[in-house]
Amino acid sequence: MAPLATMLSRGFNLADKLLPDAAFRVADAKALIRAARVTPGIDAQQGLERLLDSIYAESELSLFGRVSLKWDFIRLLRNAQLVEDAHAANPALGAAPVMTPLFILGLPRSGTSFLHNLLAEDPGSQVPRNWQMIYPAPRPADFNAEQDKRVARVDKQLDLFNGLAPGFREMHPIYADSPQECSEITSHVFQSLRFDSTHRVPTYFDWLERHGHYDAFCFHKKFLQFLQNGAPARWVLKCPDHTFTLDAILRVYPDARFVILHRDPIAVLGSVAHLTQVLRRPFLRNIDAGEIGAQVAARWTQGANLLLEFDQRADVPASRKLHMQYEEFTADPLAAISRIYAHFNEDLTETAIQAMRCVVEAKPRGGYGRHPPYKLETFKLSVPALQSAFRPYVLQYCQAAR
(Lines give C-alpha, C1' and ligand atoms only; values in the text may rest on other atoms or scores of the structure.)
Protein backbone atom coordinates (compact mmCIF):
# COMPACT_ATOMS: atom_id res chain seq x y z
CA MET A 1 0.00 0.00 0.00
CA ALA A 2 1.31 3.46 -0.85
CA PRO A 3 2.25 5.70 2.11
CA LEU A 4 -0.49 8.04 3.28
CA ALA A 5 1.49 11.12 2.16
CA THR A 6 1.79 9.69 -1.36
CA MET A 7 -1.92 8.90 -1.51
CA LEU A 8 -2.82 12.40 -0.33
CA SER A 9 -0.46 13.90 -2.89
CA ARG A 10 -2.16 11.95 -5.68
CA GLY A 11 -5.56 12.97 -4.34
CA PHE A 12 -4.67 16.66 -4.30
CA ASN A 13 -3.23 16.45 -7.81
CA LEU A 14 -6.35 14.75 -9.15
CA ALA A 15 -8.71 17.18 -7.40
CA ASP A 16 -6.65 20.11 -8.67
CA LYS A 17 -7.40 18.97 -12.23
CA LEU A 18 -11.10 18.30 -11.65
CA LEU A 19 -12.28 21.06 -9.32
CA PRO A 20 -12.90 24.63 -10.55
CA ASP A 21 -10.50 27.35 -9.46
CA ALA A 22 -13.20 28.81 -7.21
CA ALA A 23 -13.04 25.74 -4.97
CA PHE A 24 -11.49 26.44 -1.60
CA ARG A 25 -11.02 30.09 -2.48
CA VAL A 26 -8.68 31.85 -0.03
CA ALA A 27 -10.38 34.72 1.78
CA ASP A 28 -9.14 38.28 1.84
CA ALA A 29 -7.16 39.68 4.77
CA LYS A 30 -10.18 40.94 6.73
CA ALA A 31 -11.99 37.61 6.37
CA LEU A 32 -8.90 35.68 7.55
CA ILE A 33 -8.56 37.99 10.55
CA ARG A 34 -12.23 37.44 11.41
CA ALA A 35 -11.81 33.67 11.06
CA ALA A 36 -8.76 33.76 13.34
CA ARG A 37 -10.62 35.96 15.88
CA VAL A 38 -7.60 38.16 16.52
CA THR A 39 -6.64 41.82 16.45
CA PRO A 40 -3.34 42.05 14.55
CA GLY A 41 -1.12 45.11 14.65
CA ILE A 42 -1.25 47.59 11.80
CA ASP A 43 2.07 46.39 10.37
CA ALA A 44 1.00 42.73 10.41
CA GLN A 45 -2.30 43.54 8.73
CA GLN A 46 -0.55 45.60 6.07
CA GLY A 47 1.91 42.76 5.42
CA LEU A 48 -0.94 40.25 5.15
CA GLU A 49 -2.83 42.47 2.69
CA ARG A 50 0.27 43.04 0.53
CA LEU A 51 1.12 39.34 0.55
CA LEU A 52 -2.38 38.22 -0.42
CA ASP A 53 -2.58 40.81 -3.20
CA SER A 54 0.72 39.57 -4.58
CA ILE A 55 -0.23 35.89 -4.34
CA TYR A 56 -3.56 36.43 -6.09
CA ALA A 57 -1.97 38.49 -8.87
CA GLU A 58 1.29 36.59 -9.40
CA SER A 59 0.98 33.01 -8.09
CA GLU A 60 -1.19 30.38 -9.74
CA LEU A 61 -2.11 28.36 -6.66
CA SER A 62 -2.73 24.63 -6.77
CA LEU A 63 -5.60 23.19 -4.74
CA PHE A 64 -3.17 22.27 -1.96
CA GLY A 65 -1.74 25.78 -2.20
CA ARG A 66 -5.19 27.27 -1.58
CA VAL A 67 -6.12 24.92 1.25
CA SER A 68 -2.77 25.14 3.04
CA LEU A 69 -2.47 28.91 2.67
CA LYS A 70 -5.73 29.54 4.54
CA TRP A 71 -4.73 27.15 7.33
CA ASP A 72 -1.22 28.58 7.52
CA PHE A 73 -2.27 32.21 7.67
CA ILE A 74 -4.91 31.65 10.35
CA ARG A 75 -2.30 29.74 12.36
CA LEU A 76 0.18 32.62 12.05
CA LEU A 77 -2.43 35.17 13.12
CA ARG A 78 -3.45 33.15 16.16
CA ASN A 79 0.12 32.40 17.21
CA ALA A 80 1.08 36.07 16.98
CA GLN A 81 -1.93 37.00 19.11
CA LEU A 82 -0.92 34.34 21.66
CA VAL A 83 2.54 35.89 21.99
CA GLU A 84 1.19 39.44 22.24
CA ASP A 85 -1.38 38.41 24.86
CA ALA A 86 1.29 36.66 26.92
CA HIS A 87 3.41 39.83 26.97
CA ALA A 88 0.41 41.94 27.93
CA ALA A 89 -0.45 39.60 30.79
CA ASN A 90 3.13 39.23 32.03
CA PRO A 91 5.40 42.28 31.48
CA ALA A 92 8.31 40.29 32.95
CA LEU A 93 8.57 38.48 29.60
CA GLY A 94 9.56 41.68 27.82
CA ALA A 95 11.89 42.72 30.63
CA ALA A 96 14.05 39.61 30.33
CA PRO A 97 17.00 40.23 28.00
CA VAL A 98 17.90 38.18 24.96
CA MET A 99 21.57 37.98 25.78
CA THR A 100 24.19 38.43 23.03
CA PRO A 101 22.38 36.20 20.52
CA LEU A 102 24.54 34.34 18.04
CA PHE A 103 23.39 34.61 14.42
CA ILE A 104 24.67 32.13 11.85
CA LEU A 105 25.06 33.77 8.43
CA GLY A 106 25.98 32.42 5.03
CA LEU A 107 24.70 31.77 1.56
CA PRO A 108 22.24 28.84 1.30
CA ARG A 109 23.70 25.34 1.24
CA SER A 110 26.88 26.50 3.00
CA GLY A 111 26.57 24.32 6.12
CA THR A 112 24.56 26.75 8.25
CA SER A 113 21.80 24.24 9.09
CA PHE A 114 24.31 21.57 10.11
CA LEU A 115 26.08 24.06 12.37
CA HIS A 116 22.77 25.18 13.87
CA ASN A 117 21.84 21.56 14.60
CA LEU A 118 25.12 20.92 16.38
CA LEU A 119 25.05 24.11 18.45
CA ALA A 120 21.49 23.22 19.49
CA GLU A 121 22.94 20.22 21.36
CA ASP A 122 24.54 22.53 23.95
CA PRO A 123 22.22 22.56 27.01
CA GLY A 124 23.43 26.11 27.71
CA SER A 125 21.94 27.44 24.47
CA GLN A 126 18.45 27.72 23.08
CA VAL A 127 17.21 27.49 19.50
CA PRO A 128 13.69 27.93 18.12
CA ARG A 129 12.25 24.53 17.20
CA ASN A 130 9.95 23.51 14.36
CA TRP A 131 7.13 22.45 16.66
CA GLN A 132 7.29 25.80 18.46
CA MET A 133 6.36 27.54 15.21
CA ILE A 134 3.10 25.56 15.15
CA TYR A 135 2.46 25.40 18.89
CA PRO A 136 4.37 28.31 20.52
CA ALA A 137 5.45 27.35 24.02
CA PRO A 138 8.67 27.25 26.06
CA ARG A 139 10.74 24.07 25.80
CA PRO A 140 11.69 23.01 29.36
CA ALA A 141 15.10 21.60 30.19
CA ASP A 142 13.62 18.14 30.83
CA PHE A 143 11.63 18.16 27.58
CA ASN A 144 11.05 14.70 26.08
CA ALA A 145 10.44 15.04 22.36
CA GLU A 146 9.52 11.36 21.97
CA GLN A 147 6.59 11.69 24.39
CA ASP A 148 5.28 15.14 23.43
CA LYS A 149 2.05 15.09 21.40
CA ARG A 150 2.85 18.41 19.72
CA VAL A 151 6.08 16.97 18.36
CA ALA A 152 4.27 13.88 17.08
CA ARG A 153 1.67 16.03 15.28
CA VAL A 154 4.29 18.24 13.62
CA ASP A 155 6.35 15.22 12.54
CA LYS A 156 3.24 13.89 10.79
CA GLN A 157 2.77 17.26 9.08
CA LEU A 158 6.39 17.23 7.92
CA ASP A 159 5.97 13.67 6.62
CA LEU A 160 2.94 14.85 4.65
CA PHE A 161 4.85 17.77 3.18
CA ASN A 162 7.73 15.51 2.20
CA GLY A 163 5.22 13.32 0.36
CA LEU A 164 3.87 16.36 -1.47
CA ALA A 165 7.38 17.67 -2.19
CA PRO A 166 9.48 14.58 -2.96
CA GLY A 167 13.15 15.12 -2.25
CA PHE A 168 12.62 17.92 0.26
CA ARG A 169 13.84 16.02 3.32
CA GLU A 170 16.90 14.72 1.47
CA MET A 171 17.87 18.30 0.67
CA HIS A 172 16.79 19.78 4.00
CA PRO A 173 16.44 17.07 6.67
CA ILE A 174 14.22 18.57 9.37
CA TYR A 175 11.95 17.11 12.02
CA ALA A 176 9.59 18.56 14.60
CA ASP A 177 12.24 19.14 17.27
CA SER A 178 14.92 20.32 14.80
CA PRO A 179 16.06 23.95 14.97
CA GLN A 180 14.00 26.25 12.78
CA GLU A 181 14.96 29.37 10.82
CA CYS A 182 14.05 32.89 11.89
CA SER A 183 12.04 33.51 8.72
CA GLU A 184 9.37 31.30 10.28
CA ILE A 185 9.19 33.64 13.28
CA THR A 186 8.93 36.82 11.22
CA SER A 187 6.29 35.20 9.02
CA HIS A 188 3.91 35.59 11.97
CA VAL A 189 3.66 39.30 11.16
CA PHE A 190 3.69 38.64 7.39
CA GLN A 191 7.02 40.37 6.91
CA SER A 192 9.21 37.45 5.97
CA LEU A 193 11.31 36.40 3.01
CA ARG A 194 10.01 32.87 3.61
CA PHE A 195 6.99 33.56 1.38
CA ASP A 196 9.28 34.32 -1.57
CA SER A 197 10.63 30.76 -1.42
CA THR A 198 7.27 28.99 -1.50
CA HIS A 199 5.32 31.38 -3.74
CA ARG A 200 5.83 33.70 -6.68
CA VAL A 201 5.38 37.12 -5.03
CA PRO A 202 7.64 39.76 -6.68
CA THR A 203 5.47 42.77 -5.75
CA TYR A 204 5.28 41.64 -2.11
CA PHE A 205 9.03 41.13 -2.13
CA ASP A 206 9.57 44.65 -3.50
CA TRP A 207 7.23 46.09 -0.86
CA LEU A 208 9.05 44.27 1.94
CA GLU A 209 12.40 45.55 0.72
CA ARG A 210 11.07 49.11 0.88
CA HIS A 211 9.27 48.60 4.18
CA GLY A 212 12.28 47.09 5.91
CA HIS A 213 12.52 44.43 8.59
CA TYR A 214 12.59 46.37 11.86
CA ASP A 215 8.94 45.68 12.78
CA ALA A 216 9.43 42.00 12.04
CA PHE A 217 12.45 41.74 14.33
CA CYS A 218 10.69 43.61 17.13
CA PHE A 219 8.16 40.77 17.04
CA HIS A 220 11.04 38.28 16.66
CA LYS A 221 12.41 39.44 20.02
CA LYS A 222 8.98 39.16 21.65
CA PHE A 223 8.71 35.62 20.30
CA LEU A 224 12.09 34.62 21.77
CA GLN A 225 11.22 36.25 25.11
CA PHE A 226 7.99 34.26 25.14
CA LEU A 227 9.88 31.02 24.45
CA GLN A 228 12.50 31.70 27.13
CA ASN A 229 9.66 32.24 29.63
CA GLY A 230 11.05 35.20 31.55
CA ALA A 231 14.51 33.73 32.12
CA PRO A 232 17.48 35.17 30.16
CA ALA A 233 18.75 32.73 27.56
CA ARG A 234 21.66 32.42 25.12
CA TRP A 235 20.03 32.06 21.72
CA VAL A 236 21.59 30.56 18.60
CA LEU A 237 19.72 31.69 15.48
CA LYS A 238 20.07 30.86 11.82
CA CYS A 239 18.61 31.86 8.47
CA PRO A 240 20.27 32.66 5.13
CA ASP A 241 17.83 35.57 4.86
CA HIS A 242 19.59 37.25 7.80
CA THR A 243 22.02 38.54 5.20
CA PHE A 244 19.28 40.91 4.02
CA THR A 245 18.05 41.95 7.47
CA LEU A 246 21.27 42.89 9.24
CA ASP A 247 20.30 46.52 9.85
CA ALA A 248 17.13 45.43 11.64
CA ILE A 249 18.94 42.70 13.58
CA LEU A 250 21.55 45.13 14.88
CA ARG A 251 18.92 47.70 15.77
CA VAL A 252 16.94 45.19 17.83
CA TYR A 253 19.96 43.20 19.09
CA PRO A 254 22.84 45.70 19.29
CA ASP A 255 25.08 43.14 21.04
CA ALA A 256 24.50 40.38 18.48
CA ARG A 257 27.38 38.12 17.45
CA PHE A 258 27.86 36.41 14.10
CA VAL A 259 29.38 33.27 12.60
CA ILE A 260 29.64 33.56 8.82
CA LEU A 261 30.12 30.36 6.81
CA HIS A 262 31.52 30.69 3.29
CA ARG A 263 31.29 28.36 0.31
CA ASP A 264 31.87 28.85 -3.42
CA PRO A 265 28.47 30.05 -4.74
CA ILE A 266 28.94 28.34 -8.11
CA ALA A 267 29.09 24.98 -6.33
CA VAL A 268 25.71 25.42 -4.66
CA LEU A 269 23.56 27.77 -6.75
CA GLY A 270 22.04 24.90 -8.73
CA SER A 271 21.08 23.24 -5.46
CA VAL A 272 19.52 26.48 -4.19
CA ALA A 273 17.45 26.80 -7.36
CA HIS A 274 16.39 23.15 -7.19
CA LEU A 275 15.33 23.49 -3.53
CA THR A 276 13.22 26.54 -4.43
CA GLN A 277 11.60 24.49 -7.18
CA VAL A 278 10.89 21.64 -4.75
CA LEU A 279 9.41 24.03 -2.16
CA ARG A 280 7.05 25.62 -4.70
CA ARG A 281 5.75 22.41 -6.28
CA PRO A 282 3.03 21.63 -3.70
CA PHE A 283 1.71 25.19 -3.71
CA LEU A 284 1.90 26.38 -7.31
CA ARG A 285 1.12 25.33 -10.85
CA ASN A 286 3.33 26.17 -13.84
CA ILE A 287 6.71 26.68 -12.19
CA ASP A 288 9.29 28.28 -14.47
CA ALA A 289 12.80 26.90 -13.84
CA GLY A 290 14.45 29.72 -15.78
CA GLU A 291 12.64 32.34 -13.73
CA ILE A 292 13.73 30.64 -10.51
CA GLY A 293 17.31 30.54 -11.75
CA ALA A 294 17.32 34.26 -12.53
CA GLN A 295 15.73 35.07 -9.17
CA VAL A 296 18.18 32.95 -7.19
CA ALA A 297 21.23 34.29 -9.04
CA ALA A 298 20.21 37.93 -8.60
CA ARG A 299 19.24 37.48 -4.97
CA TRP A 300 22.39 35.75 -3.84
CA THR A 301 24.69 37.97 -5.85
CA GLN A 302 23.16 40.74 -3.77
CA GLY A 303 23.57 38.62 -0.64
CA ALA A 304 27.25 37.98 -1.35
CA ASN A 305 27.85 41.71 -1.79
CA LEU A 306 26.00 42.44 1.46
CA LEU A 307 28.29 40.03 3.32
CA LEU A 308 31.27 41.90 1.90
CA GLU A 309 29.77 45.18 3.15
CA PHE A 310 28.97 43.68 6.54
CA ASP A 311 32.61 42.80 7.04
CA GLN A 312 33.46 46.51 6.79
CA ARG A 313 30.90 47.73 9.35
CA ALA A 314 32.57 49.70 12.12
CA ASP A 315 29.67 49.08 14.52
CA VAL A 316 30.35 45.32 14.53
CA PRO A 317 33.95 44.78 15.68
CA ALA A 318 35.97 41.73 14.72
CA SER A 319 35.48 40.28 18.21
CA ARG A 320 31.79 39.81 17.39
CA LYS A 321 32.35 38.14 14.00
CA LEU A 322 33.93 34.86 13.01
CA HIS A 323 34.43 33.80 9.39
CA MET A 324 34.75 30.12 8.60
CA GLN A 325 35.14 28.09 5.42
CA TYR A 326 32.55 25.42 4.71
CA GLU A 327 35.41 22.98 4.05
CA GLU A 328 36.96 23.66 7.46
CA PHE A 329 33.66 23.11 9.24
CA THR A 330 32.69 19.90 7.45
CA ALA A 331 36.19 18.40 7.65
CA ASP A 332 36.16 18.50 11.47
CA PRO A 333 32.91 19.91 12.88
CA LEU A 334 33.89 19.60 16.54
CA ALA A 335 37.23 21.37 16.04
CA ALA A 336 35.42 24.12 14.16
CA ILE A 337 32.91 24.50 16.99
CA SER A 338 35.73 24.65 19.52
CA ARG A 339 37.14 27.57 17.53
CA ILE A 340 33.75 29.31 17.60
CA TYR A 341 33.44 28.98 21.37
CA ALA A 342 37.01 30.15 21.92
CA HIS A 343 36.50 33.20 19.70
CA PHE A 344 33.46 34.31 21.70
CA ASN A 345 34.95 33.33 25.07
CA GLU A 346 32.19 30.80 25.73
CA ASP A 347 32.64 27.65 27.79
CA LEU A 348 32.27 24.49 25.71
CA THR A 349 31.36 21.87 28.31
CA GLU A 350 32.09 18.19 28.09
CA THR A 351 28.35 17.52 28.13
CA ALA A 352 27.90 19.68 25.04
CA ILE A 353 30.90 18.11 23.28
CA GLN A 354 29.60 14.59 23.83
CA ALA A 355 26.11 15.49 22.63
CA MET A 356 27.54 17.10 19.47
CA ARG A 357 29.84 14.13 18.88
CA CYS A 358 26.88 11.75 18.96
CA VAL A 359 25.15 13.79 16.26
CA VAL A 360 28.28 13.93 14.07
CA GLU A 361 28.80 10.17 14.39
CA ALA A 362 25.17 9.40 13.61
CA LYS A 363 24.90 11.92 10.76
CA PRO A 364 28.40 12.87 9.56
CA ARG A 365 27.02 15.24 6.94
CA GLY A 366 24.16 16.47 9.09
CA GLY A 367 21.77 13.95 7.54
CA TYR A 368 22.14 15.40 4.04
CA GLY A 369 22.22 12.94 1.18
CA ARG A 370 24.83 13.04 -1.54
CA HIS A 371 23.52 14.32 -4.86
CA PRO A 372 25.20 14.79 -8.21
CA PRO A 373 25.70 18.47 -8.97
CA TYR A 374 22.48 20.10 -10.13
CA LYS A 375 22.91 21.36 -13.66
CA LEU A 376 22.93 25.14 -13.84
CA GLU A 377 21.70 24.90 -17.41
CA THR A 378 18.39 23.48 -16.12
CA PHE A 379 17.76 26.90 -14.60
CA LYS A 380 19.22 28.80 -17.59
CA LEU A 381 22.23 29.94 -15.58
CA SER A 382 25.56 30.73 -17.21
CA VAL A 383 28.71 29.70 -15.37
CA PRO A 384 30.86 32.54 -16.82
CA ALA A 385 28.18 35.10 -15.89
CA LEU A 386 27.95 33.74 -12.35
CA GLN A 387 31.73 33.65 -11.97
CA SER A 388 31.85 37.32 -12.94
CA ALA A 389 29.01 38.29 -10.61
CA PHE A 390 30.45 36.48 -7.59
CA ARG A 391 34.11 37.27 -8.27
CA PRO A 392 34.56 39.85 -5.43
CA TYR A 393 33.01 37.48 -2.88
CA VAL A 394 34.99 34.46 -4.07
CA LEU A 395 38.29 36.37 -4.06
CA GLN A 396 37.63 37.57 -0.49
CA TYR A 397 36.33 34.41 1.13
CA CYS A 398 36.67 31.29 -1.00
CA GLN A 399 40.23 31.28 -2.35
CA ALA A 400 41.66 29.67 0.77
CA ALA A 401 39.43 26.61 0.28
CA ARG A 402 40.85 25.87 -3.17
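Arg169 is found in helix H9, residues 168-171. Helices (H or I, at least four residues) and strands (E, at least two) are DSSP runs, numbered from the N terminus. The model is predicted: local features need pLDDT of at least 70, side-chain atom pairs count only at pLDDT 80 or more, and totals for chains, interfaces and linings use all residues. Residues are numbered from 1 along each chain as its sequence is written, and side-chain values use heavy atoms, with hydrogens and water left out.

Arg169 has a relative accessible area of 13% and is therefore buried. Buried means under 20% relative accessible area, exposed over 50%, and partly exposed in between (1.4 Å probe, protein chains only). Contact here means heavy atoms within 4.5 Å. With neighbours within four places in sequence left aside, Arg169 is in contact with Leu158, Asp159, Asn162, Ile174 and Tyr175. One of these partners, Ile174, has its backbone oxygen 3.3 Å from a polar atom of the Arg169 side chain.

His262 is found in strand E3, residues 257-262. Its relative accessible area is 1%, so His262 is buried. The side chains of His262 and His323 are joined by a polar contact of 2.8 Å. A polar contact is a pair of N or O atoms within 3.5 Å; within protein, one must be able to donate a hydrogen and the other to accept it, and residues adjacent in sequence count only if both atoms are side-chain atoms. Not counting residues up to four places away in sequence, His262 touches His323, Met324, Gln325, Tyr326, Glu327, Tyr393 and Tyr397. Glu209 is 53 residues from His262 in sequence and 24 Å from it in space, C-alpha to C-alpha.

Tyr393 also appears in the largest nonpolar core. A nonpolar core is a set of buried Ala, Val, Leu, Ile, Met, Phe, Trp, Tyr and Cys residues joined through side-chain atoms within 4.5 Å. The largest such core holds 101 residues. Leu48, Phe73, Tyr253, Phe258, Leu269 and Tyr393 touch the most other members. Tyr253 touches Val98, Pro101, Phe103, Phe217, His220, Lys221 and Leu224, residues up to four places away in sequence not being counted. A second, separate core has 25 residues, among them Val236, Ala352, Ile353 and Val360.

Phe217 is also touched by Thr245. Thr245 lies in the loop between E2 and helix H14 (246-252). With a relative accessible area of 6%, Thr245 is buried. Beyond residues up to four places away in sequence, Thr245 touches His213 and Phe217.

Gly293 lies in helix H16, residues 289-310. Gly293 counts as buried because its relative accessibility is 0%. Phe379 and Leu381 are in contact with Gly293, neighbours within four places in sequence being left aside. Gly293 and Ala318 are 25 residues apart in sequence and 34 Å apart in space, C-alpha to C-alpha.

The second largest pocket has a volume of about 870 Å³. On a 1 Å grid over the protein atoms alone, a cavity is a set of points where a 1.4 Å probe fits but cannot get out, and a pocket is an open set with protein on both sides within 12 Å along at least five of seven lines; lining residues have an atom within 4 Å of a point. Grid points are joined across faces, edges and corners, and a volume is the space filled by probe spheres set on the points. The second largest pocket is lined by 37 residues, of which Ala120, Glu121, Arg129, Arg139 and Asp177 lie nearest its centre. Two or more lining residues come from each of helix H6 (112-119), helix H8 (149-164), helix H13 (214-228), strand E2 (233-238) and helix H19 (350-362). E2 gives the most, with 3 residues.

Helix H19 also holds Gln354. Gln354 is partly exposed, with a relative accessible area of 34%. Gln354 and Asp122 are 232 residues apart in sequence but 9.4 Å apart in space, C-alpha to C-alpha.

Backbone geometry is notable at Arg37, which has a positive phi of about 60° although it is not a glycine. Arg37 sits in the loop between helix H2 (29-36) and helix H3 (42-58). At 75% relative accessibility, Arg37 counts as exposed. Arg109 has a positive phi of about 65° and is not a glycine either. Its place is in the loop between strand E1 (98-106) and H6.
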